[in-house]
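Biologist: Could you walk me through this one slowly, as I am still new to reading structures?

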Amino acid sequence: EVLQNHVLEAKVFHTEYGTGVAILTGAHRFSLTTNIDDLKLRRMPEVPGLQKPPSCWAVLSQDRVTIVLLAVGQDLYLLDNTSCSVVVSEPRQVSAGSRVVCSSPHSLAGPPLVPRCPMGCSPASSTRWQVLPPTLLTGRPAGRDGGEQVAGDVLGLGQPLMRFSFPPPSAEASQEIFKIASMAPGALLLEAQKEYEKESQKADEYLREIKDQKLLPEAVSQCIEAAGYEHEPDTQKSLLRAASFGKCFIDKFPPESFVRMCQDLRVLNAIRDYQIGIPLTFTQYKRLTIEVLLDRLVLRRLYPLAIRICEYLRLSEIQGVSRILAHWACYKVQQKDKSDEEVAHAINQKLGDTPGISYSEIAARAYDCGRTELAIKLLEYEPRSGEQVPLLLKMKRSKLALSKAIESGDTDLVYTVVLHLKNELNRGTFFMTLQNQPVALSLYRQFCKHQERETLKDLYNQDDNHQELGNFHVHSSYS
């Protein structure tokens with residue numbers, strides 16, 4: 001069914017089994033798998049009378065149960081393994097200004113922003129956002145846990161509510177430091193640093209209290225950890241200043257965690273900027289890894305920022321800058337508004353001889369985009385003939401490939417091109433091509449002596465080489 005009707009939309013969700021994917025097919029049927037590593041596609045029950053895609057839908061997973069919530073016009077449906085349940089079926093129950101909330105709680109990170117789509121609207125055209133508490137409430141059929149009935153009535157659904165809870169985004173270290181009247185080591189250290197800036201003697205009192213309990217290393221670690229989970233740069237700086245202040249009173253405190261956190265926060269603050277718009281949490285950033293984050297920046301064509309991050313984190317060129325520049329060059333060759341000469345020159349100026357850059361890969365992308373001449377110009381910058389020749393053969397530039405192979409001095413490469421020419425050209429054209437390349441002709445003669453004796457006789461005939469032709473007949477008679 002999926003192959004015949006194609007996939008209209010897909011959503012990624014997370015379950016106790018791993019990462020799951022749900023798809024909506026062209027037949028307006030839902031199928032899902034709860035673990036892409038152990039792919040078992042399960043088709044959900046059919047929604048009665050569904051003739052067009054739902055206005056919005058989401059996958060909800062909790063306690064090993066996965067359901068699909070979808071809105072069609074003024075109706076709300078829940079699909080589980082066995083049945084399709086109608087949640088809102090009477091138009092009078094939903095006022096004109098009502099909204100359907102469709103979002104998976106597992107997709108919310110940081111401040112839980114949930115898209116709200118008007119009944120029957122296109123989510124892409126009129127999506128609005130609403131800040132919800134760290135619990136997702138959705139309509140559900142009556143008769144299940146009726147204790148939520150009143151809340152459902154308040155929302156105008158006329159149905160009880162289903163509650164999906166998920167943990168708050170703040171870390172334990174942040175809670176310990178910022179909760180009211182906290183006596184945690186990190187909270188005391190933060191206060192000590194603030195009092196120190198005021199030149200108050202209370203700073204010494206707070207420090208003494210931490211030192212007496214021998215909790216100063218823990219206080220520093222708490223402040224460093226809490227800084228990672230804060231989104232406001234001023235709060236981050238305040239916590240890191242407190243950690244730096246506390247380190248002064250500890251002998252041989254390892255600096256790696258402090259330095260790493262400063263680096264991570266600089267990267268996170270850069271991508272959280274509204275002009276970039278990737279509001280990752282610290283936990284997401286760590287699980288995503290810097291390599292995947294760079295890939296996302298590259299896919300958004302944010303090449304300068306990606307390069308600055310690589311340079312700041314001192315990533316190896318092959319892992320970082322070279323890879324990003326290669327992506328940039330592959331995008332550059334697709335720009336049709338500039339001539340081949342301009343594009344090739346711009347790419348060479350930017351890339352130069354950067355380690356790890358393969359001009360042949362960029363040339364291959366140019367050829368795939370229909371810019372054969374640009375591909376040839378880019379191959380001129382490729383220092384490895386072994387990389388040039390296969391692409392030239394693919395582009396039907398066999399004679400140029402032969403010249404490059406001979407220049408390389410690699411006999412195996414020359415043989416590869418010669419045999420390719422032999423299969424591609426008719427016999428006469430092939431011999432004439434070799435006549436203009438003495439090195440290739442000599443190597444082909446050596447090949448014929450061992451593999452194709454009759455072809456060798458034809459070569460001598462074409463060259464009017466009577467001496468070698470006589471030797472050939474004498475040798476043949478002895479054989």
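Modeller: We will go through the sheet, then the ring pairs, the salt bridges and one helix, and please keep in mind throughout that this is a predicted model.

Biologist: Okay, in what order do the four strands of the open sheet come?

Modeller: The order is S1-S2-S3-S4, and the pairing between these four strands is antiparallel. At the edges are strand S1, residues 7-15, and strand S4, residues 42-43, each of which pairs on one side only.

Biologist: And how many bridges join S1 to S2?

Modeller: Eight bridges hold S1 and S2 together, and the two strands run antiparallel. Within that pairing Val12 stands opposite Val21, which belongs to S2, and the connection from S1 to S2 is a hairpin that passes through two residues.

Biologist: What about S3 and S4, how many bridges are there?

Modeller: Strand S3, which covers residues 30-33, is joined to S4 by two bridges, and this pair also runs antiparallel. One place to look is Leu32, whose bridge partner in S4 is Arg42.

Biologist: Switching to rings, how many aromatic pairs does the structure hold?

Modeller: There are five aromatic pairs. One of them is made by Phe30 and Trp57, which meet edge-to-face with 5.0 Å from centre to centre and 65° between the planes. Phe30 lies in strand S3 whereas Trp57 lies in strand S5, residues 56-62, so this pair ties together parts of the chain that are 27 residues apart in sequence.

Biologist: Are those two buried or exposed?

Modeller: Both Phe30 and Trp57 are buried. Trp57 has a further neighbour to look at, since the charged end of Lys11 sits over its ring, 5.0 Å from the ring centre.

Biologist: Which other lysine lies over the face of a ring?

Modeller: Lys247 does, lying over the face of Phe258 at 4.7 Å from the ring centre.

Biologist: Which residues do ring pairs link into a cluster?

Modeller: Tyr196, Phe245 and Phe249 are linked in that way. Within this group, Phe245 and Phe249 form an edge-to-face pair, with their centres 5.3 Å apart and their planes at 80°.

Biologist: Why does Phe245 count as buried?

Modeller: The cut-off for buried is under 20% relative accessible area, and Phe245 counts as buried because its relative accessibility is 10%. Its partner Phe249 is partly exposed, with a relative accessible area of 37%.

Biologist: New topic, how many salt bridges are there?

Modeller: The count comes to ten salt bridges. As background, side chains of opposite charge can pair when their charged atoms come close. Among the ten, Arg64 pairs with Glu16, and the closest N and O atoms of the two are 3.6 Å apart. Arg64 sits in the loop between S5 and strand S6 (65-72), while Glu16 sits in the loop between S1 and strand S2 (18-25), so the bridge ties together parts that are 48 residues apart in sequence. Both ends are exposed, with a relative accessible area of 55% for Arg64 and 51% for Glu16.

Biologist: Where do Arg208 and Asp204 sit?

Modeller: They are in helix H5, residues 202-212, and because they are four residues apart there, about one helical turn separates them. Their side chains meet in a salt bridge of 2.6 Å, N to O. Each is partly exposed, Arg208 at 48% and Asp204 at 41%.

Biologist: Which helices do Asp295 and Arg323 lie in?

Modeller: Asp295 lies in helix H10, residues 290-299, and Arg323 in helix H12, residues 321-332, so far along the chain from each other that the pair links distant parts, 28 residues apart. The salt bridge between their side chains is 2.5 Å, N to O. Asp295 is partly exposed at 32% relative accessibility, and Arg323 is partly exposed as well, at 24%.

Biologist: Last one, which residues of H6 are buried?

Modeller: Those buried in H6 include Leu216, Val220, Cys223 and Ile224. Their cover comes from several helices, including helix H3 (172-178), helix H4 (185-197), H5 and helix H7 (233-247).

Biologist: And what span should the 13 residues of H6 have?

Modeller: At 1.5 Å a residue, helix H6, residues 216-228, should span 18 Å, and its end C-alpha atoms are 19 Å apart, which agrees.

Key. Residues numbered from 1 in each chain as written. Predicted model: local features only at pLDDT ≥ 70, side-chain atom pairs only at ≥ 80, totals over all residues. Heavy atoms only, no water. Pairing = 2+ DSSP bridges. Phe/Tyr/Trp six-rings, centres within 6.5 Å; stacked < 30°, edge-to-face > 60°. Buried < 20%, exposed > 50% of the residue type's maximum accessible area, 1.4 Å probe, protein only. Lys NZ or Arg CZ within 6 Å of the ring centre and 35° of its normal. Salt bridge = Lys/Arg side-chain N within 4 Å of Asp/Glu carboxyl O. Expected span 1.5 Å × (residues − 1). Contact = heavy atoms within 4.5 Å.
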